Structures are given as C-alpha cells and as structure tokens.
Amino acid sequence: MTNPENFLLIMAMLDEALPIINKQNLQYIGKLKNPFTIEHYSGKIESMQVNLLVNGKCNVYGVDQIGTQASTLSTYLGAEAFKPSLIINAGTAGGFLWDKAKIGDTYLGYPKVCYHDRRINLPGFKEYGFGYFPTYDCRTIAKELGLRLGVITTGNSLDFTDKDIELIKENRGVVKDMEAASIAWVANQLGIAYVGIKTITDIVDGSIPTEDEFIMNLKLASHNLAEKTAEVISWLAANKH
Ligand code: ADE
C-alpha cells in the first residue's frame, strides 16, 4: 500500500539539498536507519508530505556518498519506511552542447533513464546493462513549468570516456548523472512512479574540465534545483499526479 499524500525525495549530496531544505523549512529528523549514513528531513510542500533523504557522508573518506550504490539503498529503505506514492530524484548533472544545454537549466527525465557504463556484450545482457527504466510521463509538467525534457543516463564516474559518450549518444541521452537509473530501478521494482529532476552544473562536451565547472556552478544549480523541485512537487500535488 502506498500513501497518496506522501512523496519520497532522494538527493545524493547535502550541498545539493540545502537550498530546498532551507526554502521549504524541512526539519532534520535524524539518521534513517542504523548503521547507514542516510539522513532524513521531513516537511510539507504545499499539501504534500515530503520525506527527503540524502545519502550522508562516507564513514571512511568523509565525503557525500554519491553514486548508484548508496542511492539504491536510500531509495529502498525510504520506500519501505514511508510507502510513498511517488519517488522523486532531484540532483545536479552534466548537460550537452548537442542539446544546447546551459548551466542552470533544469531537465525532467523522460521517457526513460538508463545506464551508460554497464557494457555487457552477451546476448540479452546488453539491454539489461542499459536498463531503460520508464519515468513518470512528465510532458505536461515540462510544458506548463517551462522545463526541459529528455533521457537521463547514469554512470559511476563524474568524468567520461569516449565509450561513455558513444553510448550516451546511442541512447539519445541529454543529461549525465550518477544516480538516476539506480533510483528508477528501485522505483520500477516496487511499482512506484519515478520522477527525475536534474539541474545542469557543467557542459560535458564543453571546454572546461567537468570537476572545475561542477564546483564553480554547484551553488547556482542547487538554488535553481530547489526552485524547480518545489514547483514540480506543487504541480504534482495539485494535479493529483
Ligand atoms: N553531476 C554533475 N555533473 C555531472 C556529470 N558531468 N556527470 C555525472 N554526474 C554529474
């Protein structure tokens, strides 16, 4: 049973999440479940109860646990704990010149999210590797809120190889991130709709090294992400998704 008044919001980094925590006055509840590092915040956005999980800091290296591993776990534990009617994944991501992406643009994932770094050249396994997890049909939201739309592809590296780019293009990817496909996989397994909201910090095929551009634009992108995430949640709540 899912609870129709309750959305689960999954974000990887605390710095990405702080603007929406502050904007919506979400309250820090504590660690979701021992011994995991996942941090739980909770509050209302319009009429909607929102449980926000961030992956927390790595016990060994002290940095945010970005990537698919921790996100799979936080999504599963969050879905078990809150029985949400919708799983929303908000984060920052890389965009592409070939889609005329600009720093600070926000995309909604549609019609699918997939992996770009799971290469398994065995019969049947190739498609399994990519995943191709369907998203919520975000077309009307994108149109009404003026957001961009496209395929999000996920890998566990911030930078990229030529092969990554080849496979992103093959899958018509326009947004490159490190979590979406893992979160969508859990949502799909549980039969819960997945919405991906991604704001661009860096242009993957541009001239600035990804890590420099990411750090330069993280604050601006996270601010935009908070604004757009609140708008999307309000829209979904008002339209009874
Ligand atoms: N998050 C922000 N920028 C990214 C990129 N270029 N690749 C993967 N994840 C990202």
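Trainee: Which helices and strands each supply at least two residues of the shell around the ligand?

Mentor: Four elements do: strand 5 (84–95), strand 9 (173–177), strand 10 (193–203) and helix 7 (210–238). These names refer to DSSP runs numbered from the N terminus, with helices being H or I runs of at least four residues and strands being E runs of at least two. Bear in mind that this is a predicted model, where local features need pLDDT of at least 70, side-chain atom pairs count only at pLDDT 80 or more, and totals for chains, interfaces and linings use all residues. Residues are numbered from 1 along each chain as its sequence is written, and side-chain values use heavy atoms, with hydrogens and water left out.

Trainee: Which element gives the largest share of the shell, and which residues come nearest to the ligand?

Mentor: Strand 5 gives the largest share, with 3 residues. The shell holds 13 residues, of which Ala-93, Gly-94, Lys-176, Thr-201 and Asp-202 come nearest. To be near, a residue must have a heavy atom within 4 Å of the molecule or strand in question.

Trainee: What makes the link between Asp-202 and the ligand a polar contact?

Mentor: The term covers a pair of N or O atoms within 3.5 Å; within protein, one must be able to donate a hydrogen and the other to accept it, and residues adjacent in sequence count only if both atoms are side-chain atoms. An N or O atom in the Asp-202 side chain is 2.6 Å from a nitrogen atom of the ligand, so the pair meets the distance limit. Thr-201 has a polar side-chain atom 3.3 Å from a ligand nitrogen, and Gly-94 places a backbone N or O atom 3.3 Å from a ligand nitrogen. The protein covers 97% of the 260 Å² of accessible area that the ligand has on its own. Such areas come from the Shrake-Rupley method with a 1.4 Å probe, and for residues only the protein chains shown count as cover.

Trainee: Why is Val-60 called exposed?

Mentor: Exposed means over 50% relative accessible area, buried means under 20%, and partly exposed is in between, using a 1.4 Å probe and protein chains only. Val-60 has 64%, so the label exposed fits. This residue is found in the loop between strand 4 (48–54) and helix 2 (68–82). With Tyr-61 and Val-63, Val-60 makes a nonpolar surface patch of about 370 Å².

Trainee: How do you know that Lys-23 and Glu-227 form a salt bridge?

Mentor: The rule asks for a side-chain nitrogen of Lys or Arg within 4 Å of a carboxyl oxygen of Asp or Glu. Here the closest N and O atoms are 3.8 Å apart, so the pair qualifies. Lys-23 lies in helix 1 (residues 14–23) and Glu-227 in helix 7, so the bridge ties together parts that are 204 residues apart in sequence. The C-alpha atoms of the two residues are separated by 8.4 Å.

Trainee: How many salt bridges does that rule give?

Mentor: The count comes to 11. Among them, Glu-39 pairs with Lys-31 at 3.4 Å between the closest N and O atoms. Lys-83 pairs with Glu-80 at 3.9 Å, again between the closest N and O atoms.

Trainee: Why is Glu-39 called buried, while Lys-31 is called partly exposed?

Mentor: Glu-39 has 16% relative accessibility, so it counts as buried. Lys-31 has 47%, so its label is partly exposed.

Trainee: What makes Asp-105 worth a look, and why is it called buried?

Mentor: Asp-105 is linked with Asp-99 and Arg-148 in a network of salt bridges. Its relative accessible area is 19%, so buried is the right label. Asp-105 lies in the loop between strand 5 and strand 6 (106–115), and its side chain reaches the backbone nitrogen of Lys-102 at 2.9 Å.

Trainee: Which residue in that loop has a positive phi, and why is it called exposed?

Mentor: Lys-100, in the loop between strand 5 and strand 6, has phi near 55 degrees, a positive value in a residue other than glycine. Its relative accessible area is 66%, so Lys-100 is exposed.

Trainee: Where are cis peptide bonds found?

Mentor: One joins Asn-34 and Pro-35, with omega about 0 degrees; Pro-35 sits in the loop between strand 2 (27–31) and strand 3 (39–45). Another joins Tyr-110 and Pro-111, also with omega about 0 degrees, and Pro-111 is found in strand 6.

Note on methods. Patch = residues over 30% accessible without salt bridge, like charges linked within 9 Å, V, L, I, M, F, W, Y side chains within 5 Å.
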